[in-house]
Amino acid sequence: MSMRAQDLGINAAIGAATATVWSLARGRGFKRAVLQGLIGGATIGVGRQVAASPFSGSGFAGRELSAVGISALTSAGSDHTTLSFPVGPVELQLTDGKEFDWRVNATYAVAAVVNSVSRTTHIDPTLSLYSGTFVFRDNRETLHTSNGEARGSEFFGGIKIAKSAFTNSNGTPNVLYHENVHVLQDDYLAFAVANPIERSILNQTSIGRRITRHIDVGLLSLGFNGLANSIVPYNSRPWEREAYALTPRRNY
Ligand SMILES: [Zn+2]
(Lines give C-alpha, C1' and ligand atoms only; values in the text may rest on other atoms or scores of the structure.)
Protein backbone atom coordinates (compact mmCIF):
# COMPACT_ATOMS: atom_id res chain seq x y z
CA MET A 1 0.00 0.00 0.00
CA SER A 2 1.30 3.47 -0.77
CA MET A 3 2.46 5.60 2.11
CA ARG A 4 -0.29 8.18 1.52
CA ALA A 5 -3.06 5.57 1.43
CA GLN A 6 -1.67 4.01 4.59
CA ASP A 7 -1.61 7.39 6.37
CA LEU A 8 -5.19 8.01 5.27
CA GLY A 9 -6.24 4.61 6.64
CA ILE A 10 -4.61 5.22 10.02
CA ASN A 11 -6.26 8.63 10.34
CA ALA A 12 -9.64 7.15 9.37
CA ALA A 13 -9.24 4.47 12.08
CA ILE A 14 -8.28 7.06 14.72
CA GLY A 15 -11.29 9.12 13.59
CA ALA A 16 -13.65 6.17 13.96
CA ALA A 17 -12.37 5.44 17.47
CA THR A 18 -12.63 9.10 18.51
CA ALA A 19 -16.15 9.59 17.12
CA THR A 20 -17.31 6.39 18.82
CA VAL A 21 -16.11 7.65 22.23
CA TRP A 22 -17.89 10.99 21.62
CA SER A 23 -21.13 9.22 20.67
CA LEU A 24 -21.04 6.80 23.62
CA ALA A 25 -20.27 9.68 26.00
CA ARG A 26 -23.51 11.29 24.76
CA GLY A 27 -25.43 8.07 25.44
CA ARG A 28 -25.82 7.28 21.75
CA GLY A 29 -24.91 4.21 19.72
CA PHE A 30 -21.77 3.53 17.77
CA LYS A 31 -22.83 2.37 14.29
CA ARG A 32 -23.46 5.81 12.84
CA ALA A 33 -20.52 7.20 14.82
CA VAL A 34 -18.07 4.72 13.26
CA LEU A 35 -19.08 5.78 9.74
CA GLN A 36 -19.01 9.48 10.65
CA GLY A 37 -15.60 8.97 12.28
CA LEU A 38 -14.15 7.14 9.27
CA ILE A 39 -15.17 10.01 7.00
CA GLY A 40 -13.99 12.65 9.49
CA GLY A 41 -10.68 10.88 10.07
CA ALA A 42 -10.04 10.50 6.34
CA THR A 43 -10.78 14.22 5.91
CA ILE A 44 -8.21 14.97 8.63
CA GLY A 45 -5.73 12.77 6.72
CA VAL A 46 -6.36 14.61 3.45
CA GLY A 47 -5.95 17.91 5.31
CA ARG A 48 -2.54 16.81 6.59
CA GLN A 49 -1.44 15.82 3.07
CA VAL A 50 -2.52 19.23 1.79
CA ALA A 51 -0.67 21.01 4.64
CA ALA A 52 2.47 19.02 3.79
CA SER A 53 2.34 20.01 0.10
CA PRO A 54 4.80 22.63 -1.16
CA PHE A 55 2.51 25.45 -2.30
CA SER A 56 1.78 28.85 -0.78
CA GLY A 57 -1.12 28.65 1.64
CA SER A 58 -1.07 24.85 1.87
CA GLY A 59 -0.85 24.99 5.67
CA PHE A 60 -3.90 27.24 5.94
CA ALA A 61 -5.98 25.21 3.46
CA GLY A 62 -4.96 21.92 5.07
CA ARG A 63 -5.70 23.21 8.56
CA GLU A 64 -9.27 24.24 7.67
CA LEU A 65 -9.92 20.96 5.84
CA SER A 66 -8.61 19.02 8.84
CA ALA A 67 -10.87 21.16 11.06
CA VAL A 68 -13.93 20.04 9.09
CA GLY A 69 -12.88 16.44 9.78
CA ILE A 70 -12.33 17.17 13.49
CA SER A 71 -15.80 18.78 13.63
CA ALA A 72 -17.30 15.56 12.25
CA LEU A 73 -15.70 13.59 15.10
CA THR A 74 -16.78 15.97 17.88
CA SER A 75 -20.35 16.16 16.50
CA ALA A 76 -20.82 12.37 16.65
CA GLY A 77 -23.92 11.47 18.65
CA SER A 78 -25.05 15.08 18.82
CA ASP A 79 -28.22 16.55 17.31
CA HIS A 80 -26.17 19.59 16.36
CA THR A 81 -23.22 20.02 14.02
CA THR A 82 -20.64 22.58 15.07
CA LEU A 83 -18.06 23.48 12.45
CA SER A 84 -14.97 24.92 14.10
CA PHE A 85 -12.36 26.81 12.04
CA PRO A 86 -9.03 27.59 13.71
CA VAL A 87 -7.08 30.74 12.87
CA GLY A 88 -3.96 31.10 14.99
CA PRO A 89 -5.06 30.58 18.63
CA VAL A 90 -8.71 31.46 17.81
CA GLU A 91 -11.55 29.18 16.69
CA LEU A 92 -14.49 30.53 14.75
CA GLN A 93 -17.53 28.32 15.18
CA LEU A 94 -20.72 27.85 13.22
CA THR A 95 -23.47 25.65 14.69
CA ASP A 96 -26.13 24.15 12.39
CA GLY A 97 -25.16 26.65 9.73
CA LYS A 98 -26.64 29.63 11.59
CA GLU A 99 -25.30 30.21 15.11
CA PHE A 100 -21.95 31.98 15.19
CA ASP A 101 -19.53 31.77 18.12
CA TRP A 102 -15.81 31.98 18.92
CA ARG A 103 -13.25 30.47 21.29
CA VAL A 104 -9.66 31.25 22.11
CA ASN A 105 -6.93 28.94 23.38
CA ALA A 106 -5.27 30.84 26.24
CA THR A 107 -2.03 28.82 26.29
CA TYR A 108 -1.53 29.28 22.53
CA ALA A 109 -2.25 33.01 22.82
CA VAL A 110 0.25 33.46 25.67
CA ALA A 111 2.93 31.57 23.69
CA ALA A 112 2.34 33.87 20.70
CA VAL A 113 2.76 36.95 22.89
CA VAL A 114 5.98 35.54 24.42
CA ASN A 115 7.41 34.88 20.94
CA SER A 116 6.35 38.35 19.78
CA VAL A 117 8.31 40.10 22.53
CA SER A 118 11.30 37.73 22.44
CA ARG A 119 14.50 39.41 21.26
CA THR A 120 15.55 36.54 18.98
CA THR A 121 12.22 36.10 17.15
CA HIS A 122 9.92 38.21 15.00
CA ILE A 123 6.67 37.34 13.28
CA ASP A 124 6.61 36.62 9.54
CA PRO A 125 3.19 37.88 8.37
CA THR A 126 3.33 36.19 4.94
CA LEU A 127 4.30 32.76 6.24
CA SER A 128 1.74 33.13 9.05
CA LEU A 129 -0.95 33.67 6.44
CA TYR A 130 0.30 30.64 4.48
CA SER A 131 0.19 28.39 7.56
CA GLY A 132 -2.99 29.69 9.23
CA THR A 133 -1.11 30.19 12.48
CA PHE A 134 1.70 32.39 13.83
CA VAL A 135 5.03 31.74 12.14
CA PHE A 136 8.07 33.32 13.79
CA ARG A 137 11.54 33.71 12.35
CA ASP A 138 14.36 33.12 14.79
CA ASN A 139 17.57 35.02 13.98
CA ARG A 140 19.76 32.22 15.32
CA GLU A 141 21.26 29.77 12.77
CA THR A 142 19.55 26.75 14.42
CA LEU A 143 17.07 26.26 17.24
CA HIS A 144 18.20 24.53 20.40
CA THR A 145 15.43 22.04 21.13
CA SER A 146 15.16 19.10 23.48
CA ASN A 147 15.83 16.88 20.42
CA GLY A 148 19.05 18.71 19.50
CA GLU A 149 19.62 21.37 16.84
CA ALA A 150 16.69 21.97 14.51
CA ARG A 151 15.73 24.31 11.67
CA GLY A 152 12.12 24.46 12.68
CA SER A 153 9.90 23.69 15.62
CA GLU A 154 6.22 23.71 16.43
CA PHE A 155 5.01 24.48 19.90
CA PHE A 156 1.66 25.68 21.32
CA GLY A 157 0.21 25.76 17.78
CA GLY A 158 2.87 28.22 16.63
CA ILE A 159 5.82 27.64 14.29
CA LYS A 160 9.38 28.84 14.73
CA ILE A 161 11.89 28.75 11.86
CA ALA A 162 15.66 29.19 12.26
CA LYS A 163 17.76 31.45 10.03
CA SER A 164 19.56 28.55 8.32
CA ALA A 165 16.24 27.23 6.96
CA PHE A 166 16.02 30.28 4.68
CA THR A 167 19.28 29.66 2.79
CA ASN A 168 18.58 28.23 -0.68
CA SER A 169 14.86 28.90 -0.33
CA ASN A 170 12.78 31.38 -2.32
CA GLY A 171 10.93 32.78 0.67
CA THR A 172 9.25 29.62 1.94
CA PRO A 173 11.62 27.16 3.64
CA ASN A 174 10.87 23.46 3.12
CA VAL A 175 10.78 22.78 6.85
CA LEU A 176 7.56 24.87 7.07
CA TYR A 177 5.55 22.04 5.45
CA HIS A 178 6.79 19.58 8.07
CA GLU A 179 5.80 21.96 10.89
CA ASN A 180 2.40 22.56 9.23
CA VAL A 181 1.63 18.87 9.79
CA HIS A 182 2.49 19.22 13.49
CA VAL A 183 0.03 22.14 13.84
CA LEU A 184 -2.77 19.91 12.48
CA GLN A 185 -1.77 17.04 14.77
CA ASP A 186 -1.95 19.44 17.73
CA ASP A 187 -5.38 20.62 16.53
CA TYR A 188 -6.67 17.05 16.66
CA LEU A 189 -5.30 16.45 20.16
CA ALA A 190 -6.58 19.80 21.48
CA PHE A 191 -10.00 20.05 19.78
CA ALA A 192 -11.08 16.41 19.63
CA VAL A 193 -9.59 15.09 22.89
CA ALA A 194 -7.93 17.36 25.48
CA ASN A 195 -9.96 20.60 25.45
CA PRO A 196 -13.37 18.87 25.74
CA ILE A 197 -12.11 16.88 28.76
CA GLU A 198 -10.66 20.04 30.30
CA ARG A 199 -13.96 21.87 29.72
CA SER A 200 -16.01 19.14 31.36
CA ILE A 201 -13.75 19.29 34.43
CA LEU A 202 -13.90 23.11 34.67
CA ASN A 203 -17.67 23.11 34.09
CA GLN A 204 -18.17 21.47 37.49
CA THR A 205 -17.93 24.94 39.05
CA SER A 206 -19.75 28.16 38.15
CA ILE A 207 -16.53 30.16 37.76
CA GLY A 208 -15.22 27.37 35.52
CA ARG A 209 -18.33 27.62 33.36
CA ARG A 210 -17.73 31.35 33.00
CA ILE A 211 -14.15 30.71 31.82
CA THR A 212 -15.06 27.97 29.36
CA ARG A 213 -17.76 30.07 27.69
CA HIS A 214 -15.13 31.43 25.27
CA ILE A 215 -11.78 30.24 26.59
CA ASP A 216 -9.94 26.95 26.47
CA VAL A 217 -7.13 27.07 29.02
CA GLY A 218 -5.21 24.51 26.98
CA LEU A 219 -3.14 23.14 29.86
CA LEU A 220 -4.41 19.57 29.48
CA SER A 221 -3.38 19.34 25.82
CA LEU A 222 -0.04 20.82 26.84
CA GLY A 223 0.27 18.14 29.51
CA PHE A 224 -0.63 15.31 27.07
CA ASN A 225 1.92 16.73 24.64
CA GLY A 226 4.69 16.95 27.21
CA LEU A 227 3.95 13.48 28.53
CA ALA A 228 3.97 11.88 25.06
CA ASN A 229 7.20 13.65 24.12
CA SER A 230 8.93 12.61 27.32
CA ILE A 231 7.89 8.95 27.02
CA VAL A 232 8.50 8.35 23.29
CA PRO A 233 12.02 9.00 21.89
CA TYR A 234 12.19 11.30 18.84
CA ASN A 235 12.83 8.62 16.20
CA SER A 236 9.92 6.45 17.39
CA ARG A 237 7.28 9.19 17.51
CA PRO A 238 4.40 8.34 15.17
CA TRP A 239 3.67 12.05 14.70
CA GLU A 240 7.27 12.67 13.52
CA ARG A 241 7.07 9.67 11.20
CA GLU A 242 3.87 11.05 9.71
CA ALA A 243 5.35 14.55 9.26
CA TYR A 244 8.46 13.14 7.54
CA ALA A 245 6.50 10.62 5.46
CA LEU A 246 4.17 13.31 4.08
CA THR A 247 7.10 15.60 3.12
CA PRO A 248 9.45 13.27 1.17
CA ARG A 249 12.62 14.63 -0.45
CA ARG A 250 12.16 18.13 0.98
CA ASN A 251 15.80 18.09 2.02
CA TYR A 252 16.13 19.59 5.49
ZN1 LIG B 1 8.84 17.27 13.54
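Okay, a definition to start: two strands count as paired if DSSP finds at least two bridges between them. We'll lean on that for the hairpins and the sheets. And keep in mind that what's on screen is a predicted model.

Let's begin with the hairpin of S8 and S9. Strand S8 covers residues 152-155, strand S9 covers residues 158-162, and the two run antiparallel, joined by four bridges. Which residue in S9 is the bridge partner of phenylalanine 155? That's glycine 158. There are two residues between the strands of this hairpin, and phenylalanine 156 there has a positive phi, near 55 degrees.

Why stop at that? Well, most residues other than glycine have a negative phi. Phenylalanine 156 isn't glycine and still comes out positive. So is phenylalanine 156 buried or exposed? Buried: the cut-off is 20 or more C-beta neighbours within 10 Å, and phenylalanine 156 counts as buried because it has 22 of them inside 10 Å. So that's a loop residue, sitting between S8 and S9, that is nonetheless buried.

Now zoom out to the sheet around that hairpin. It's an open sheet of four strands, in the order S4-S5-S9-S8, with mixed pairing. At the edges you have strand S4, residues 121-123, and S8, and each of those pairs on one side only. From one strand to the next, the twist averages 25 degrees. Where does the parallel part come in? Strand S5, residues 135-138, runs parallel to S9, with four bridges joining them. If you want a residue pair to look at, aspartate 138 is opposite alanine 162 in S9.

Two helices lie across this sheet's strands. Helix H4, residues 106-117, lies across S4, S5, S8 and S9, and it runs at about 30 degrees to S9. H6 lies across S8 and S9, at about 15 degrees to S8.

Stay with H6 for a minute, as it also packs against other helices. Two packed helices are described by the angle between their axes and the distance between the axes. Take H8 to begin with. The axes of helix H6, residues 175-202, and helix H8, residues 219-231, come within 8 Å and cross at roughly 120 degrees. That makes the two oblique to each other, and the crossing is right-handed. On the H6 side the residues are Leu189, Ala190, Ala194, Asn195, Ile197 and Glu198, and they meet Leu220, Ser221, Phe224 and Asn225 in H8.

Then there's H2. Helix H2, residues 31-51, also has an axis that comes within 8 Å of the H6 axis, and here the crossing angle is roughly 155 degrees. So H2 is roughly antiparallel to H6. This crossing is right-handed. Here Ile44, Gly47, Arg48 and Ala51 in H2 meet Asn180, Val181, Leu184 and Tyr188 in H6.

On to the other sheet. This one is open, has four strands in the order S1-S2-S3-S10, and its pairing is mixed. Its edge strands are S1, residues 82-87, and S10, residues 215-216, each pairing on one side only. S1 and strand S2, residues 90-95, run antiparallel and are joined by six bridges. In that ladder, proline 86 has glutamate 91 as its bridge partner in S2, and leucine 83 stands opposite leucine 94. This hairpin has two residues between the strands, and glycine 88 takes a positive phi near 60 degrees.

Next along is aspartate 96, in the loop between S2 and strand S3, residues 99-105. Its phi is near 50 degrees, so again a positive value in a residue other than glycine. Buried or exposed, then, for aspartate 96? Exposed, because it has 10 C-beta neighbours inside 10 Å, and the cut-off for exposed is 12 or fewer.

Last, the whole chain. How many helices and strands does it have? Nine helices and 10 strands. The radius of gyration is 18 Å, close to the 18 Å from the globule rule for 252 residues, so the chain is as compact as a globular protein of that length. Along its principal axes, the C-alpha trace spans about 55 × 50 × 35 Å. Of the 252 residues, 40% count as buried. And among contacts with a separation of 6 or more, 57% are between residues 24 or more positions apart.

Definitions and conventions
Residues are numbered from 1 along each chain as its sequence is written. This is a predicted model: local features need pLDDT of at least 70, side-chain atom pairs count only at pLDDT 80 or more; totals for chains, interfaces and linings use all residues. The radius of gyration is taken over C-alpha atoms; the globule rule is 2.2 Å times the number of residues to the power 0.38. Two residues are in contact if their C-beta atoms, placed from the backbone, lie within 7 Å. Axes are lines fitted to C-alpha atoms, for helices over the stretch in contact, and angles run from 0 to 180 degrees between N-to-C directions. Angles under 35 degrees count as roughly parallel, over 145 as roughly antiparallel, 65 to 115 as roughly perpendicular and the rest as oblique. A crossing is left-handed if the near helix is turned anticlockwise from the far one by less than a right angle, and right-handed if clockwise.
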